[in-house]
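Here are my notes on the model you asked me to look through. Have it open beside you while you read.

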Amino acid sequence: MQTNLRPETMERITNAELAKAFIDEQVEAVRAQVGDKKVLLALSGGVDSSVVAALLIKAIGKQLICVHVNHGLMRKNESENVIKLFKDELDANLVYVDATDRFLNLLAGVADPESKRKIIGKEFIEVFADEARKLEGVEFLAQGTIYPDILESIKQAEGKQAVKSHHNVGGLPEDLKFELVEPLKFLYKDEVRVVGEALGLPHAMVYRQPFPGPGLGVRCLGAITRDRLEALREADAILRDEFDKCGLAEKVWQYFIAVPDIKSVGVKNESRYEGWPAIIRAVNTKDAMTATIEEIPYAVLHKITDRITHEVEGINRVLLDLTPKPIGTIEWE
């Protein structure tokens, strides 16, 4: 992996004209790097991978093979929506891989956040390798690495510890021969969005809610169990539904539910009911390096709490995280 810091001479991409210049430069660079070979792309359907896909399609067309892996850690209906958008509407060369059991079996009993991230990242590479072995002429792996990923993963010269590992930073296993293609690696998230719009991607896609590579794996805190993961998925869907209804979805940069591996006593149907807490986190940021907390009206919080505690099996409390970044990171793990 190239670990250079962002070039000091690189101008911030703030408008369509600058974005077009960046796109032209990257199209030329990708064509020079790839030649007539094929490229695999980890297409999650998030902003970063979607913009990479659009840029590479512009540069190399059908040489790009998009691979969407359902690792069982996606949000509710996430994979179905990715397939509908990219395969049915955008006519992308898309390979769908359902690897749910493969990932969850490897993660069983693993509680350490860094260990979980590394397992997920390594398995992603292995899944892509399996797909690559079915194809001819694939020598490159494209990734949606952006600048904050690099900053948070490398150890700085003064000896600071990396905040956390990212699934798309750190290179490939030695037995794999892929060369990385990372056209967005020096961009901040807001710049990626400007580039996405300049590429003609739909507004809803470009401003889609950010979602980490390890997915719900870093929001199902501690060792992942299938029942707690499902409770998290359903609670998260309720949060997103209510934010859509009240207009917060367009106002808040990132919002999600985290469910820790702890239980408390509650009451349900006049009986003792032990359940997990659902923790709401809603933050705003421009570059993902710092973040402020978005105020949520109490009426909305009460509606979310009522729905989650009544509709989601296994959850008996709803909590609100008010910690900015720093000192907290955007994700809990």
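The points below cover two helix pairs, the nonpolar cores and three buried charged residues.

1. One thing before the details: this is a predicted model. Please read everything below with that in mind.

2. Let's begin with α9 and α10. Helix α9 covers residues 226–246 and helix α10 covers residues 298–311; their axes are 10 Å apart and the packing angle is about 150°. Angles over 145 degrees count as roughly antiparallel, so α9 is roughly antiparallel to α10. The crossing of α9 past α10 is right-handed.

3. Which residues make the contact between these two helices? On the α9 side they are A235, I238, L239, D241, E242, F243, K245 and C246. The α10 side brings in V300, K303, I304, R307, I308 and E311. Sorted by class, this α9 with α10 contact has eight nonpolar and six charged residues, and no polar ones.

4. Now the cores. The largest nonpolar core holds 47 residues, and the ones with the most contacts inside it are L40, V69, F243, I257 and I308. Helix α9 is the top contributor here, giving seven residues. Two names should look familiar from the previous point: F243 belongs to the α9 side of the helix contact and I308 to the α10 side.

5. V69 is a good residue to click on if you want to look around inside that core. Setting aside residues up to four places away in sequence, V69 touches M74, V97, A99, F103, F124, V127 and F128. There is also another core, lying apart from the largest one; this one has 37 residues, including V52, L55, C66 and L94.

6. The other helix pair is α1 (residues 16–34) with α2 (residues 47–60). Their axes come within 9 Å and cross at roughly 65°, and α1 passes α2 in a right-handed crossing. From α1 the contact uses F22, I23, Q26, V27, V30, R31 and V34, while α2 supplies L55, L56, K58, A59 and I60. By class that gives nine nonpolar residues, one polar and two charged. L55, in this α2 set, is also one of the residues of the 37-residue core.

7. Is K116 buried or exposed? This lysine sits in helix α5 (residues 113–132). Its relative accessibility is 0%, and buried means under 20%, so K116 counts as buried. Beyond its neighbours within four places in sequence, K116 is in contact with L107, V110, A111, G217, C220, L221, G222, I224 and E333.

8. D321 is another one to look at. You'll find D321 in the segment after β10 (315–320), and with 10% relative accessibility it counts as buried. D321 and I279 are 42 residues apart in sequence, yet their C-alpha atoms are 6.6 Å apart in space. I279 is among the residues D321 touches, along with I280, R281, I293 and W332, when residues up to four places away in sequence are not counted.

9. Last, E294. This glutamate lies in the loop between β9 (292–293) and α10. E294 is buried too, at 11% relative accessible area. Leaving out residues up to four places away in sequence, E294 touches L248, K251, V252, A282, V283 and N284. G61, by contrast, is 233 residues from E294 in sequence and 40 Å from it in space, C-alpha to C-alpha.

Terms used:
Residues are numbered from 1 along each chain as its sequence is written. This is a predicted model: local features need pLDDT of at least 70, side-chain atom pairs count only at pLDDT 80 or more; totals for chains, interfaces and linings use all residues. Side-chain values use heavy atoms; hydrogens and water are left out. Axes are lines fitted to C-alpha atoms, for helices over the stretch in contact, and angles run from 0 to 180 degrees between N-to-C directions. Helices (H or I, at least four residues) and strands (E, at least two) are DSSP runs, numbered from the N terminus. Angles under 35 degrees count as roughly parallel, over 145 as roughly antiparallel, 65 to 115 as roughly perpendicular and the rest as oblique. A crossing is left-handed if the near helix is turned anticlockwise from the far one by less than a right angle, and right-handed if clockwise. Contact means heavy atoms within 4.5 Å. Ala, Val, Leu, Ile, Met, Phe, Trp, Tyr, Cys and Pro count as nonpolar, Asp, Glu, Lys and Arg as charged, and the others, Gly among them, as polar. A nonpolar core is a set of buried Ala, Val, Leu, Ile, Met, Phe, Trp, Tyr and Cys residues joined through side-chain atoms within 4.5 Å. Buried means under 20% relative accessible area, exposed over 50%, partly exposed in between (1.4 Å probe, protein chains only).
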